[in-house]
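Thanks for coming. I will go through one structure, a few residues at a time, so please keep the picture in view.

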Amino acid sequence: PMLLQTIRSDFKQKYSSVFDDNTVSDYIYHLNAQTPSGETAFKNMTIPYGWAKRPMLERIGQVQADIPISFIYGSRSSIDSDSGYAFKKTRPDVEIRV
């Protein structure tokens, strides 16, 4: 954390209205010091350009009908909700919320 605090001392000043210590630089340090598990998982589940290696739409028939499914999309996400509605259309016997 000390190297980041030295190189980016502006963080402490920029966020001084919220934190009066090194919380922001400590947070950024610890984000980058850890093994990138989320990024690694995403890389392993996708092919180039973010396409799924094993799309769920092809396997939706294997999901038990008594298991409810929810699809949540961000308002500024590049992923549209069409796939969620495709799931819903494919499995009318399953409770699917989009």
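Is isoleucine 72 buried or exposed? The model on the screen is predicted, so the answer is a computed one. The relative accessible area of isoleucine 72 is 80%, and because exposed means over 50%, this residue is exposed. To find isoleucine 72, look in the loop between S3 and H5. If you want a second landmark, take glycine 38, which is 34 residues away along the chain; the two C-alpha atoms are separated by 18 Å.

Now go to the neighbour in that loop, phenylalanine 71. The structure holds 1 aromatic pair. Its members are phenylalanine 71 and phenylalanine 87, with ring centres 4.8 Å apart and planes at 35 degrees, so we call the pair tilted. Phenylalanine 71 sits in the loop between strand S3 (69–70) and H5, while phenylalanine 87 belongs to helix H5, so the pair ties together parts that are 16 residues apart in sequence. Both phenylalanine 71 and phenylalanine 87 are buried.

Phenylalanine 71 also turns up around arginine 97. Arginine 97 is in strand S4. Beyond its neighbours within four places in sequence, arginine 97 is in contact with Ile69, Ser70 and Phe71. With serine 70 there is a polar contact, side chain to side chain, at 3.1 Å. How exposed is arginine 97? Its relative accessibility is 48%, so it counts as partly exposed, given that the exposed class begins over 50%. Proline 68 is 29 residues from arginine 97 in sequence, yet their C-alpha atoms are 8.1 Å apart in space.

Next, a second arginine. Arginine 91 is in the loop between H5 and strand S4 (96–97). Its relative accessible area is 10%, so arginine 91 is buried, the limit being under 20%. What does its side chain reach? One partner is the backbone oxygen of isoleucine 60, at 2.6 Å. Another is the backbone oxygen of valine 63, at 3.0 Å. Apart from neighbours within four places in sequence, the residues in contact with arginine 91 are Ile60, Gly61, Gln62, Val63, Gln64, Ala65 and Ile96.

Move one residue on, to proline 92, which is in the loop between H5 and S4 as well. Here the relative accessibility is 69%, so proline 92 counts as exposed. Measure across from proline 92 to alanine 65 on your screen: the C-alpha atoms are 9.2 Å apart, with the two positions 27 residues apart in sequence terms.

Let us go back towards the start of the chain. Serine 25 is part of helix H3 (residues 23–33). At a relative accessible area of 4%, serine 25 is buried. Setting aside neighbours within four places in sequence, serine 25 is in contact with Leu4, Gln5 and Phe11.

Last, the pocket. What is the volume of the largest pocket? It comes to about 670 Å³. There are 20 residues in the lining, and those closest to the centre of the pocket are Gly50, Trp51, Ala52, Ile79 and Ser83. Which elements supply at least two lining residues each? They are helix H4 (37–45), strand S2 (51–52) and helix H5 (82–90). Sorted by class, the lining has 13 nonpolar, 4 polar and 3 charged residues.

To recap two points: isoleucine 72 is exposed, with 80% relative accessible area, and serine 25 is buried, with 4%. Helix H5 came up twice, as a home for phenylalanine 87 and as a supplier of residues to the lining of the largest pocket. That is what I have for today.

Definitions and conventions
Residues are numbered from 1 along each chain as its sequence is written. This is a predicted model: local features need pLDDT of at least 70, side-chain atom pairs count only at pLDDT 80 or more; totals for chains, interfaces and linings use all residues. Side-chain values use heavy atoms; hydrogens and water are left out. On a 1 Å grid over the protein atoms alone, a cavity is a set of points where a 1.4 Å probe fits but cannot get out, and a pocket is an open set with protein on both sides within 12 Å along at least five of seven lines; lining residues have an atom within 4 Å of a point. Grid points are joined across faces, edges and corners, and a volume is the space filled by probe spheres set on the points. Helices (H or I, at least four residues) and strands (E, at least two) are DSSP runs, numbered from the N terminus. Ala, Val, Leu, Ile, Met, Phe, Trp, Tyr, Cys and Pro count as nonpolar, Asp, Glu, Lys and Arg as charged, and the others, Gly among them, as polar. Buried means under 20% relative accessible area, exposed over 50%, partly exposed in between (1.4 Å probe, protein chains only). Contact means heavy atoms within 4.5 Å. A polar contact is a pair of N or O atoms within 3.5 Å; within protein, one must be able to donate a hydrogen and the other to accept it, and residues adjacent in sequence count only if both atoms are side-chain atoms. Rings of Phe, Tyr and Trp (its six-membered ring) pair if their centres lie within 6.5 Å; planes under 30 degrees apart count as stacked, over 60 as edge-to-face and the rest as tilted.
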